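Work through the exercises below with the model open. Each task is followed by a stepwise solution.

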Amino acid sequence: MKNQVNPWLTGNLYVLVIGMLPAIVLIGALLYFTAWAFAFSFTDLALVGRKSVEWSWVGLENFERLFTRRGFLESLWTTVIFVFFSAIVGQSVLGFLLAATLRGTQSTLRTVVEVCIMLGWLLPDIVAAFLWSATTSQTGLINQLIVVPLGFPPINFINNYALPVVTIANIWKGTAWSYLLFSAALDSVSREVVEAAKVDGATPLQRIWLVQLPIIRPHIATNMLFITIWTFTYFPLIFAMTGGGPGRQTETLAVFLYNQSFSRGNLGFGSAISVAMLLIVGFLSLFYLRLLREPK
Amino acid sequence: MDNTGPSRLTAIALTFMAVIWVSPFSWLILNAFNPLSTGQLEIPRAFGFDNFGLAVSGNAGRQFLNSFIIAAGTATLSVVVGISAAYPLSRLRIPGRNAFLWTLVLLRMLPSAGVLVPLYFAAQRSGLLNQLGVIIALTILNLPFTLLLLKNFFDTVPIELEEAAYVEGATLLQIVTKIVLPMSRAGIAVVWFFSFTGAWNEFLLPLIFARVQDAFPMSVGLYAAFGQQGAINYGFLTAFSILYAAPAIAVYFLLRRNMNTGFAGVGVKG
């Protein structure tokens with residue numbers, strides 16, 4: 001678009017501004033609520049009891065507690081492991097491999113695989129949690145089909161391997177997004193370029209690694225940005241499956257935040273956790289956006 | 001594209017993966033169609049739709065309706081508010097609009113539990129602790145993403161078409177409804193679908209906002225039934241889960257054609 005005067009726009013400026021009003025009001029509300037959440041992080045506001053009414057400013061005390069008390073740093077580490085294995089390694093790599101493989105596949109098989117992985121993505125979080133609890137239970141599918149026939153006693157996966165189970169459940173649920181995005185990205189790579197590389201004698205692996213990947217690099221960065229942030233703040237699946245347990249093994253930051261705010265009722269401390277999460281997310285986003293902008 | 005076609009090995013690997021991917025559903029389906037379900041993974045000795053009968057009557061039926069009102073209301077409100085703001089955002093040269101939109105999206109990445117407390121207080125004060133409140137709250141939370149996506153889709157509509165229409169004497173309303181909206185139909189469908197499934201799946205917000213059981217959407221109803229101590233009726237729960245999962249899946253397949261083109265727009269631009 002060039003910087004030009006478009007008479008149907010300039011002539012109706014007031015109509016356009018009126019059209020934007022509802023959105024401006026709602027965005028204003030969002031900013032207002034966020035500012036409020038920031039303010040809470042400097043108070044000792046509680047969900048119930050005396051401090052829910054007579055709260056007071058406590059300065060940086062909540063932020064000090066993040067680092068001096070047990071909980072936050074452990075949760076951060078759990079979250080990092082969860083995000084790395086389920087989003088970056090699991091969803092992204094698997095999604096890309098699927099997209100690259102299915103490009104050259106006949107349409108029926110492609111449709112079947114697409115529908116299968118989409119089912120996981122479309123399933124509501126609570127149902128997915130329900131499903132995976134049942135699948136990994138002592139009488140569940142994995143035990144009945146694999147563990148017991150091999151002669152081992154049934155394993156209570158959700159108790160003994162909680163973090164791997166929720167990680168796998170999240171890969172199962174989220175791969176479709178990466179697949180769809182990479183699929184669309186690969187479609188945007190012109191055939192001529194790939195054909196030319198083929199004529200020049202590039203192996204299939206080289207065609208992917210040296211031709212297609214660099215072209216879709218911005219898509220990769222966008223995808224990483226979205227799924228990292230989503231997984232980082234993902235709450236319902238883990239909460240409904242384990243509630244953060246057993247112990248604190250699966251207490252990611254989002255679950256920690258919920259437990260502190262609504263089970264323990266420490267709204268002030270909870271707000272400090274969400275501010276810390278926002279800072280981490282902001283930092284990660286800047287990193288990915290830099291990846292997106294700068295050419296090699 | 002490769003013209004060699006897939007090797008047999010690839011096809012087998014892909015089929016194998018598809019089977020693994022859908023295998024967890026076996027438990028859900030076996031129990032839902034088994035009136036004598038015990039929650040175990042087993043071949044049912046009986047077959048029937050009794051569980052589904054339970055899952056559409058009484059409270060369960062009302063929860064389905066509640067979920068639908070919340071999801072369709074949120075999606076429609078988001079898209080209407082989004083379109084009327086995203087078109088000016090796309091066409092007028094407002095300085096810093098992209099930075100602004102990205103900041104909003106980033107802000108929205110704040111875990112929703114963080115803004116839940118202020119949202120709850122505001123809704124309580126204005127008497128909106130009901131479905132309308134949930135719809136408005138979800139629209140507020142959705143809007144940054146909706147605006148960014150819709151603006152990107154509108155950016156791809158060539159402005160020359162609008163110029164031509166203007167020269168032919170079309171009004172702004174006609175330009176928007178006859179050219180811009182039809183040409184970005186795929187994008188709008190994607191945004192509507194995202195908002196619909198997002199609101200349909202939403203769990204935390206209705207949990208806090210819905211004070212009475214009559215107002216529960218299915219997510220909260222399912223969680224409540226799931227957590228009940230004592231005799232859990234697995235047949236009912238699995239049938240209820242299938243009904244709960246069905247609309248989002250159905251909407252996807254209705255919009256599937258649009259989705260795949262729409263996804264390209266999610267890509268790079270910002």
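**Exercise 1: a helix pair in chain B**

α4(B) and α7(B) are oblique to each other (angles under 35 degrees count as roughly parallel, over 145 as roughly antiparallel, 65 to 115 as roughly perpendicular and the rest as oblique). This is a predicted model, in which local features need pLDDT of at least 70 and side-chain atom pairs count only at pLDDT 80 or more, while totals for chains, interfaces and linings use all residues. Residues are numbered from 1 along each chain as its sequence is written, and chains are lettered from A and ligands numbered from 1 in the order in which they are written.

Task: at what angle do the axes of α4(B) and α7(B) cross, and which classes of residue form the contact?

Solution.
1. Locate the helices: α4 of chain B covers residues 58-91, and α7 of chain B covers residues 131-155. Helices (H or I, at least four residues) and strands (E, at least two) are DSSP runs, numbered from the N terminus.
2. Take the axes, which are lines fitted to C-alpha atoms, for helices over the stretch in contact, with angles from 0 to 180 degrees between N-to-C directions. The two axes come within 6 Å and cross at roughly 40°.
3. Assign the hand: the crossing of α4(B) and α7(B) is right-handed. A crossing is left-handed if the near helix is turned anticlockwise from the far one by less than a right angle, and right-handed if clockwise.
4. Sort the contact of α4(B) with α7(B): 16 residues are nonpolar, 10 polar and two charged. Ala, Val, Leu, Ile, Met, Phe, Trp, Tyr, Cys and Pro count as nonpolar, Asp, Glu, Lys and Arg as charged, and the others, Gly among them, as polar.

**Exercise 2: a helix pair in chain A**

Task: how do α4(A) and α12(A) pack, and which residues meet?

Solution.
1. Find α12(A) at residues 217-232. It packs with α4(A) at an angle of about 140°, the axes being 9 Å apart.
2. Classify: α4(A) is therefore oblique to α12(A). Their crossing is right-handed.
3. List the partners. From α4(A) come A:Thr79, A:Phe82, A:Val83, A:Ser86, A:Ala87, A:Ile88, A:Gln91 and A:Ser92. They meet A:Asn223, A:Met224, A:Ile227, A:Thr228, A:Thr231 and A:Phe232 in α12(A).
4. Sort the contact of α4(A) with α12(A): seven residues are nonpolar, seven polar and none charged.

**Exercise 3: where the chains meet**

Task: how many residues of each chain are in contact, and which helix of chain B gives the most to its side?

Solution.
1. Apply the contact rule: two residues are in contact if their C-beta atoms, placed from the backbone, lie within 7 Å. By this rule, 67 residues of chain B are in contact with 77 residues of chain A.
2. Pick the helix: α1 of chain B (residues 8-22) gives the most to the side touching chain A, with seven residues.
3. Sort the side of chain B that touches chain A: 49 residues are nonpolar, 14 polar and four charged.

**Exercise 4: following α5(A)**

Task: which residues of α5(A) are buried, and what do they pack against?

Solution.
1. Check the length. The 16 residues of α5(A) should span 22 Å at 1.5 Å a residue (1.5 Å times one less than the number of residues), and the end C-alpha atoms are 21 Å apart, which agrees.
2. Apply the burial rule: a residue is buried if 20 or more other C-beta atoms lie within 10 Å of its own, exposed if 12 or fewer, and partly exposed in between, with C-beta atoms placed from the backbone. In α5(A), A:Val113, A:Cys116, A:Ile117, A:Met118, A:Gly120, A:Trp121 and A:Leu122 are buried.
3. Name the partners. In chain A, the buried residues of α5(A) pack against α4 (72-103) and α9 (162-187). In chain B, they pack against α1, α10 and α13 (234-254).
4. Contrast A:Arg110, which is found in α5 of chain A. A:Arg110 has 18 C-beta neighbours inside 10 Å, so it counts as partly exposed.

**Exercise 5: a residue in α13(A)**

Task: is A:Ala240 buried or exposed?

Solution.
1. Place A:Ala240 in helix α13 of chain A, residues 236-241.
2. Count: A:Ala240 has 22 C-beta neighbours inside 10 Å, so it is buried.
3. Look beyond neighbours within four places in sequence: A:Ala240 is in contact with A:Asp125, A:Ile126, A:Ala129 and B:Tyr223.
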